[in-house]
Amino acid sequence: MKRRSFLAASACAVSSVLAQPKAPVVPDVSLLDEQGRSVRLRSLLVDRTVAINFIYTGCSSFCPPQTAVFRATQERFAELGKVAHAPLLLSLSIDPLNDSPKALAQYAARFDAKLGLAQGWMMLTGDPATLERTTRAFGASSARVDDHPVQLWVGCAPKSRWFSTTGLASADDVLRLMKAAAA
Amino acid sequence: MTPFRLIALLWACAMTAACNAWGQVPASLVEQGRALYFGTQKFSKSPHIAGASLPASASACVNCHGALGAGGREGVQAAPDITLRTAAESNRWLVAAMQGKTLKDRPLNTSMPRYRLSPEEQAALAAYAPLLGSAADTVRGVTSNEVVLGVYMPDTAKAQPSTDILAGVTLAFARANAQGGVHGRKLRAIAVHSPEEARSVFALVGSLHQDPALEESLTASRLPSMAALTLSMEGVKASGWTAPLLPSLQEQAQLMLRALNARSAELGCTPWLIDTLQVVSAQDPALGAVQRFTSNEPASLPSRPARLCLGMLSTQPRSAKLLEALTSGDQSVPLLISLAALGIATAHSSSTVHLHVLPAPSAVAAHADAAGQSMWVSLGQAAGNAVVEALARSGSRLQPEIALAKLRELSGYAPLDGAPLVWSRTHAHGWPPSIWTVPAQLIGLRQSP
């Protein structure tokens with residue numbers, strides 16, 4: 001079995017995974033973290049294994065489970081072992097008009113999420129046009145915020161390897177895909 | 001008795017006329033089940049979902065299945081209708097919640113949390129399950145022929161605005177009642193004076209409240225504050241239990257800054273903003289050419305420019321003193337802009353263009369003027385009309401969550417002529433502010449809420 005096929009097969013333990021989709025063309029944009037600090041998105045991705053989900057703080061149905069899964073994933077980073085490309089969870093807001101950095105911080109507190117680059121999890125917002133460009137790059141843009149697809153991207157830019165899933169991925173799934181992306 | 005047998009008993013009870021008032025099922029058990037479903041009581045243990053623990057604030061069934069249990073959809077994820085139809089389904093809830101499968105043993109979507117229910121929680125949910133979404137479900141403040149809503153007036157010292165608001169709400173409800181009410185129910189507005197009293201009504205309407213105890217009570221009691229007339233310092237969340245009719249102070253300040261920049265350029269004057277409330281950030285790009293000062297002590301300000309245009313974000317009486325100091329002698333200001341809601345001294349010369357930022361469309365002031373009533377009465381009427389419309393769009397099976405959602409969908413509806421609402425998912429306030437040049441003494445908003 002070729003290496004790439006093997007990685008895809010192992011990742012496909014998640015039923016809705018799209019193994020090896022076309023790598024997203026991530027725009028070179030500045031976003032804001034939960035403390036209002038400016039962050040260059042590309043620089044976050046350049047040397048890390050990332051898992052990216054799309055949330056908004058006013059969402060009461062499916063964003064909380066996605067966030068809870070990231071929280072559990074963060075707690076289990078040690079299971080990834082020693083990886084050349086450090087793991088990073090990114091939660092991108094799809095509701096810039098309501099999701100200020102402060103709103104993100106309050107939302108994170110509900111989940112006891114430890115945010116920051118050192119902690120391996122960042123929640124990012126920004127101006128509407130910038131976020132629209134960003135979410136479009138991941139196919140997560142929608143006309144209505146509550147119509148957004150429940151989607152997860154996992155990738156490792158240095159390896160040019162990406163996976164995406166639809167539906168709710170478990171912490172097991174996220175860790176498995178991160179391992180596969182970084183392998 | 002196992003929970004499953006209890007459910008069967010409850011269902012049989014529900015279907016039998018002889019079973020009066022749920023027979024042997026304590027009302028408190030039904031109430032507990034309702035509280036668990038709607039999230040006003042936390043589950044004893046956090047549910048798990050996809051290998052993660054879901055926090056209590058995100059665990060309520062209503063979040064996905066809705067206030068009538070009819071389900072919903074977000075993106076590609078669907079939450080099913082969970083209302084019960086037959087006795088055979090009576091254990092559907094517990095099997096789904098605890099085992100993550102249907103009665104036919106099919107696994108549910110992984111987005112359904114797995115609940116770890118105590119025996120008491122199982123019994124409570126089983127007791128409430130047959131009621132959800134049915135006409136038999138009781139809702140606080142709602143009977144078959146009446147809906148009772150409250151106007152909050154906790155502070156007797158500021159009773160006058162609230163008394164006027166109650167009069168305005170009553171006018172709006174009387175008009176609706178004269179046309180048959182809403183879905184066969186008459187609407188009645190009462191004064192409520194404490195968070196405890198507020199828990200007897202379906203919703204608050206047109207209320208002035210900045211009481212932290214009440215704010216907590218809104219969420220804990222599923223008590224919507226509909227078309228609230230409180231002026232908040234910060235924008236409220238578009239998904240919270242308060243749906244303010246009036247714009248936030250920040251939104252009014254933004255309008256003031258736009259007007260101050262534009263008019264001072266026309267008049268050739270230097271624009272100052274006295275922002276003792278610190279509503280505007282020092283880095284706000286909307287400041288433009290405006291110099292911002294956060295003190296209203298004349299001695300702490302630099303010498304005034306010869307042609308000074310003033311924006312005042314300051315409350316009485318100190319703003320009046322500052323204005324007097326800045327306009328002493330033969331000095332005047334070509335332009336004065338103030339927030340009507342904060343009250344403002346009118347000590348200015350007749351050559352001064354005096355603008356008020358009104359926390360509502362100017363049509364509201366015109367309505368009050370035409371009706372010969374205080375603006376608070378007109379605001380109460382507007383709040384009452386908006387609530388009537390929201391209740392009409394909510395259908396006959398009223399639930400607080402639905403009424404609040406319908407209120408926020410009233411964008412474009414005008415509760416007073418010429419004053420359409422702008423609520424949207426991204427705009428938490430019902431009305432935008434406006435600029436009014438009518439002399440201050442004609443405006444009834446002298447008392448800050």
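Across all chains of this predicted model, the count comes to 18 salt bridges. Three of the pairs are set out here, with the closest N to O distance for each.

| Salt bridge | N to O distance |
|---|---|
| Arg76(A) and Asp172(A) | 2.6 Å |
| Arg136(A) and Glu132(A) | 3.5 Å |
| Asp105(B) and Lys101(B) | 2.7 Å |

Let us start with the pair formed by Arg76(A) and Asp172(A). It ties together distant parts of the chain, with the two positions 96 residues apart: Arg76(A) sits in the loop between helix 3 and strand 5 of chain A, while Asp172(A) belongs to helix 6 (residues 171-182) of that chain. Both partners are partly exposed: Arg76(A) has 23% relative accessibility, and Asp172(A) has a relative accessible area of 39%.

The bridge between Arg136(A) and Glu132(A) is a local one in sequence, as both residues lie in helix 5 (residues 128-137) of chain A, four residues apart, or about one turn of the helix. An α-helix has 3.6 residues a turn, so residues three or four places apart point the same way. Here Arg136(A) is exposed, at 52% relative accessible area, and Glu132(A) is partly exposed at 31%.

In chain B, Lys101(B), the partner of Asp105(B), is partly exposed with a relative accessible area of 24%. Back in chain A, a network of salt bridges links Arg71(A), Glu75(A) and Asp112(A).

**Where the chains meet**

How many salt bridges cross the interface of chain A and chain B? The rule finds zero. There are, however, two residue pairs in polar contact between the chains, both at pLDDT 80 or more. On the side of chain A that touches chain B, helix 3 (63-75) and helix 4 (101-110) each supply at least two residues. Helix 3 of chain A gives the largest share, six residues. By type, that side of chain A divides into 16 nonpolar, eight polar and five charged residues.

In terms of contacts, 29 residues of chain A meet 24 residues of chain B. The area buried between the two chains is about 2100 Å², with carbon and sulfur atoms giving 57% of it. In chain A, the residues that lose the most area to chain B are Phe62(A), Arg110(A) and Leu168(A), together 27% of what that side buries.

**Inside each chain**

Chain A has six helices and eight strands, and 56% of its 183 residues are buried. Of its contacts with a separation of 6 or more, 73% come from residues 24 or more positions apart. One residue from its interior is Ser91(A), found in strand 5 (residues 87-93) and buried, with a relative accessible area of 0%. Beyond its neighbours within four places in sequence, Ser91(A) is in contact with Asn53(A), Ile55(A), Phe70(A), Trp121(A), Met122(A), Met123(A) and Leu124(A).

Chain B has 13 helices and 15 strands, and 53% of its 449 residues count as buried. Helix 2 (residues 27-38) of chain B deserves a look: its twelve residues reach 16 Å from first C-alpha to last, close to the 16 Å expected at 1.5 Å a residue. Nine of those twelve residues are buried, so helix 2 of chain B is largely enclosed by the rest of the structure. Among the buried ones are Leu29(B), Arg34(B) and Phe38(B). The buried residues of this helix pack against helix 3 (62-65), helix 4 (92-99), helix 5 (119-128) and helix 13 (400-407) of chain B. Gly39(B), with a positive phi near 85 degrees, follows helix 2 of chain B.

Conventions. Residues numbered from 1 in each chain as written. Chains lettered and ligands numbered in written order. Predicted model: local features only at pLDDT ≥ 70, side-chain atom pairs only at ≥ 80, totals over all residues. Heavy atoms only, no water. Expected span 1.5 Å × (residues − 1). Buried < 20%, exposed > 50% of the residue type's maximum accessible area, 1.4 Å probe, protein only. Contact = heavy atoms within 4.5 Å. Buried area = accessible area lost by both parts, 1.4 Å probe. Salt bridge = Lys/Arg side-chain N within 4 Å of Asp/Glu carboxyl O. Polar contact = N/O pair within 3.5 Å; in protein donor to acceptor, adjacent residues only side chain to side chain. Nonpolar A, V, L, I, M, F, W, Y, C, P; charged D, E, K, R; others polar.
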